[in-house]
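Here is a brief report on one protein chain. Look over the sequence and the structure before reading on.

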Amino acid sequence: MKLDSNTIQALAEHLENCELQAHDTTKVTEEYPGMDWDDAYAIQDEIRRRKVARGSRIIGLKAGLTSHAKMKQMGVTTPVFGFMADYYAVPDGGECRVSELIHPKVEPEIAFVTKTELRGPGCHIGAVLAATDFVMPGIEVIDSRYRDFKFDLKSVVADNTSAARFVVGGQPMNVSGVDLGTVGIVLEKNGVPVAFGAGAAVLGHPAAAIAMLANHLAERGECIPAGTLILSGGITEAVSVAAGDNVTLRVQGMGSTSIRFV
């Protein structure tokens, strides 16, 4: 690590305040260009600690920048990982207040829920599928705290991978009943299809993102506990939304989930 604990705490407070107060900032690497990956995840960990200390629960994990389309859109080459706090959750068909966000975008995802613990190193797709209770459609609302949605990988890790809100719904399905590599998705905004894709857009198979998450956590002495909800990453490029928009994700064989922006 290159940053001292006081700097990490100050950056975590700054980034979390940007989230909670819905105002943007310049990316943290502009002021600290020498920060490393450990620093970035340490800042994210401190944001997580701050939320828990105030009474929030951590209800899930997420992979980000996992599709080639998303990587190209953001100009990066490596997936990143973050967490989801309880107040990020929106009920299926529920409302998301745009006033609480800066510049929201939506991503269509496959959500996994584990039935047994997943632990790396050496976690692979087969282990993920064996540990999965069910999968279901999920829409993640991302909202980078960085000005103009411009960031580098270390900055976005520090900012908890742009996590903001999410919704899951539809028909939970056992992984034995679906080919997650070929399963098709359609994302609609105000009844008009705006994005199409298949599960293979996420690292060749959505479960590959979960395996990478387990291996990433193993390097830090952590694992994915049983019962964890995990968003496996955007299948398509992110789509901007505004107040008045209604977004629906339809996943082949799994039904649909939706969210309204007000």
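## Terms and model

Strands here are DSSP runs of E, at least two residues long, and they are numbered from the N terminus; helices are DSSP runs of H or I, at least four residues long. By that rule Ile 259 lies in strand β12, residues 255-261. The model is predicted.

## The annotated domain

An unreviewed UniProt entry places the feature "domain: Fumarylacetoacetase-like C-terminal" at residues 103-258. Over residues 103-258 the chain is 17% helix and 35% strand. The end C-alpha atoms of this stretch are 19 Å apart.

## Ile 259 in strand β12

Is Ile 259 buried or exposed? Its relative accessibility is 0%, so Ile 259 counts as buried. The cut-off for buried is under 20% relative accessible area.

Ile 259 and Val 90 are 169 residues apart along the chain, yet their C-alpha atoms are separated by 7.6 Å. Neighbours within four places in sequence aside, Ile 259 is in contact with Val 90, Gly 94 and Cys 96, among others. Its contacts also include Ile 139, Val 141 and Val 167. Asp 245, Asn 246 and Val 247 are further contacts of Ile 259.

## Helix α7

Helix α7 covers residues 206-218. At 1.5 Å a residue, its 13 residues should span 18 Å. The end C-alpha atoms of α7 are 19 Å apart, which agrees.

Ten of the 13 residues of α7 are buried, so this helix is largely enclosed by the rest of the structure. Among the buried residues are Pro 206, Ile 210, Leu 213, His 216 and Leu 217. Several alanines are buried in α7 too, including Ala 207, Ala 208 and Ala 209. The buried residues of α7 pack against two helices, α3 (37-53) and α5 (125-131). They also pack against strands β1 (58-64), β2 (80-85), β4 (105-114) and β9 (229-231).

## Helix α3

Does the length of α3 fit a helix, and what span should its 17 residues have? At 1.5 Å a residue they should span 24 Å. The end C-alpha atoms of α3 are 24 Å apart, which agrees.

The buried residues of α3 include Ala 40, Tyr 41, Ala 42, Ile 43 and Ile 47. Charged side chains are on the list as well: Asp 39, Glu 46, Arg 50 and Lys 51 are buried. What covers the buried residues of α3 includes α1, β2, α6 (153-158) and α7.

## The largest pocket

About 380 Å³ of space lies in the largest pocket. Its lining has 15 residues. Nearest its centre lie Trp 37, Tyr 41, Phe 81, His 216 and Glu 219.

Which element gives the largest share of this lining? That is α3, with five residues. α3, β2 and α7 each supply at least two residues. The lining of the largest pocket divides into eight nonpolar, three polar and four charged residues.

## Cavities and Thr 25

The structure holds two cavities of 30 Å³ or more. The second largest has about 40 Å³ of space. Its lining consists of Leu 15, Glu 16, Glu 19, Ile 47, Tyr 88, Arg 145, Asp 159 and Asn 160. Helix α1 (residues 5-21) gives the largest share, three residues. By type, the lining of the second largest cavity has three nonpolar, one polar and four charged residues.

Thr 25 is found in the loop between α1 and α2 (28-31). At 8% relative accessibility, Thr 25 counts as buried. Beyond its neighbours within four places in sequence, Thr 25 is in contact with His 14, Leu 15, Cys 18, Arg 145, Tyr 146 and Arg 147. Leu 15 and Arg 145 also line the second largest cavity.

Technical notes
Residues numbered from 1 in each chain as written. Predicted model: local features only at pLDDT ≥ 70, side-chain atom pairs only at ≥ 80, totals over all residues. Heavy atoms only, no water. UniProt positions renumbered as here; feature names shortened; annotations may be inferred. 1 Å grid on protein atoms, 1.4 Å probe; cavity = no way out; pocket = protein on both sides within 12 Å on 5 of 7 lines; lining within 4 Å. Points joined across faces, edges and corners; volume = space filled by probe spheres on them. Expected span 1.5 Å × (residues − 1). Buried < 20%, exposed > 50% of the residue type's maximum accessible area, 1.4 Å probe, protein only. Contact = heavy atoms within 4.5 Å.
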